[in-house]
Amino acid sequence: LDYLGNIQNNLTSSLVSNLSFGAQLIETRNENVFATGEGLAVNSNNVVTAASLRSGGQDFSLERTVGFIGQWQVGLNDRLYAQFGARFDNASSFGRESKWVLLPKVGGSWVVSEERFWNLGFFNTMRLRAAWGQTGRIPNAGASLTTLAPAPYLEGAIVRPGAVPANPGNDSLRFERGQEIEAGFDSGFFDDRFGLEL
């Protein structure tokens, strides 16, 4: 579920404001049912129920991620642009001790080809841009939980149920935070019939 709203207005005759805001909710549900058969007597009866050794099981996982976003962009004379934004996220795969995380970003761009000094004929558009931001990586569903795996064992001729540790779990599991820096340009040639991005 995604929602994105946008409010654009002119603060002055040369300054344009563009405010974006939204929310995102993602739910991922996985259900698996499986069966295994070993020791099939004949090739014509290849079904699990005909096997001499049969096993089966199922697993289930449910993960929810929720986030809110906001961004404000201002433009001066259709040449200089600045962006300020942030995400505010949380997910069910984190431990109980985890808090909401704020991931900020900031960026800017300059349309050099709109300046009066730009007069390169065939090279008609040039935009320089740079941005910095933080990102967060979410672990797999259930990563914060302590889980066990089945481990049946033989006691004499009797198969007994058992369990061994599977995932150690971590109540304090948090976002893996990273940073990204981007810089480059967008350009157009021969009335934007050709373009180049870097």
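Is Trp-72 buried, partly exposed or exposed? Select Trp-72 in this predicted model. Its relative accessible area is 37%, so Trp-72 is partly exposed, since the buried class ends under 20% and the exposed class begins over 50%.

**Stop 1: the Trp-72 and Phe-84 rings**

Keep Trp-72 on screen and add Phe-84. The two ring centres are 6.3 Å apart and the planes meet at 35°, so this pair counts as tilted. Trp-72 belongs to strand 3 and Phe-84 to strand 4, with their positions 12 residues apart in a pair that links distant parts of the chain. Phe-84 has a relative accessible area of 43%, so Phe-84 is partly exposed. The structure holds 10 aromatic pairs.

**Stop 2: the Phe-122 and Phe-189 rings**

Next, select Phe-122 and Phe-189. Here the centres lie 6.2 Å apart and the planes are at 20°, so the pair is stacked. Phe-122 sits in the loop between strand 5 and strand 6, while Phe-189 sits in strand 11, so the pair ties together parts that are 67 residues apart in sequence. The two rings can also be looked at for exposure. Phe-122 is partly exposed, at a relative accessible area of 49%, whereas Phe-189 is buried, at 17%.

Now widen the selection to Trp-118, Phe-123, Phe-190 and Phe-194. Together with Phe-122 and Phe-189, these residues are linked by ring pairs into a cluster.

**Stop 3: the nonpolar cores**

Which residues make up the largest nonpolar core? Select Val-112, Trp-118, Phe-123, Met-126, Phe-185 and Phe-189, the 6 residues of that core. Then show what surrounds Val-112. Setting aside residues up to four places away in sequence, Val-112 touches Phe-117, Trp-118, Met-126 and Leu-128. A second core is separate and has 5 residues, among them Ala-91, Phe-94, Val-101 and Phe-175. In soluble globular proteins, nonpolar side chains tend to be buried together.

**Stop 4: Thr-65**

Move to Thr-65, in strand 3. Its relative accessibility is 16%, so Thr-65 counts as buried. Show its contacts, leaving aside neighbours within four places in sequence: Thr-65 meets Gln-24, Leu-25, Ile-26, Asn-90, Ala-91 and Ile-138. Ala-91 was also among the residues of the second core.

**Stop 5: the largest pocket**

Turn on a surface and select Gln-71, Pro-104, Lys-105, Gly-133 and Gln-134. The largest pocket encloses about 400 Å³ of space. Its lining has 23 residues, and the five just selected are the closest to the pocket's centre. Colour the strands that give two or more residues to this lining: strand 3 (51–76), strand 4 (80–91), strand 5 (101–111), strand 6 (125–137) and strand 11 (176–189). Which strand gives the most to the lining of the largest pocket? Strand 6 does, with 6 residues. Colouring by class gives 9 nonpolar, 10 polar and 4 charged residues in the lining of the largest pocket.

**Stop 6: the second largest pocket**

Last, go to the second largest pocket, with a volume of about 180 Å³. Select Ser-92, Phe-94, Gly-95, Ser-144 and Leu-145, the closest to its centre of the 14 residues that line this pocket. Its lining divides into 4 nonpolar, 8 polar and 2 charged residues. Phe-94 has already appeared on this tour, as one of the residues of the second core.

Key: Residues are numbered from 1 along each chain as its sequence is written. This is a predicted model: local features need pLDDT of at least 70, side-chain atom pairs count only at pLDDT 80 or more; totals for chains, interfaces and linings use all residues. Side-chain values use heavy atoms; hydrogens and water are left out. A nonpolar core is a set of buried Ala, Val, Leu, Ile, Met, Phe, Trp, Tyr and Cys residues joined through side-chain atoms within 4.5 Å. Buried means under 20% relative accessible area, exposed over 50%, partly exposed in between (1.4 Å probe, protein chains only). Contact means heavy atoms within 4.5 Å. On a 1 Å grid over the protein atoms alone, a cavity is a set of points where a 1.4 Å probe fits but cannot get out, and a pocket is an open set with protein on both sides within 12 Å along at least five of seven lines; lining residues have an atom within 4 Å of a point. Grid points are joined across faces, edges and corners, and a volume is the space filled by probe spheres set on the points. Helices (H or I, at least four residues) and strands (E, at least two) are DSSP runs, numbered from the N terminus. Ala, Val, Leu, Ile, Met, Phe, Trp, Tyr, Cys and Pro count as nonpolar, Asp, Glu, Lys and Arg as charged, and the others, Gly among them, as polar. Rings of Phe, Tyr and Trp (its six-membered ring) pair if their centres lie within 6.5 Å; planes under 30 degrees apart count as stacked, over 60 as edge-to-face and the rest as tilted.
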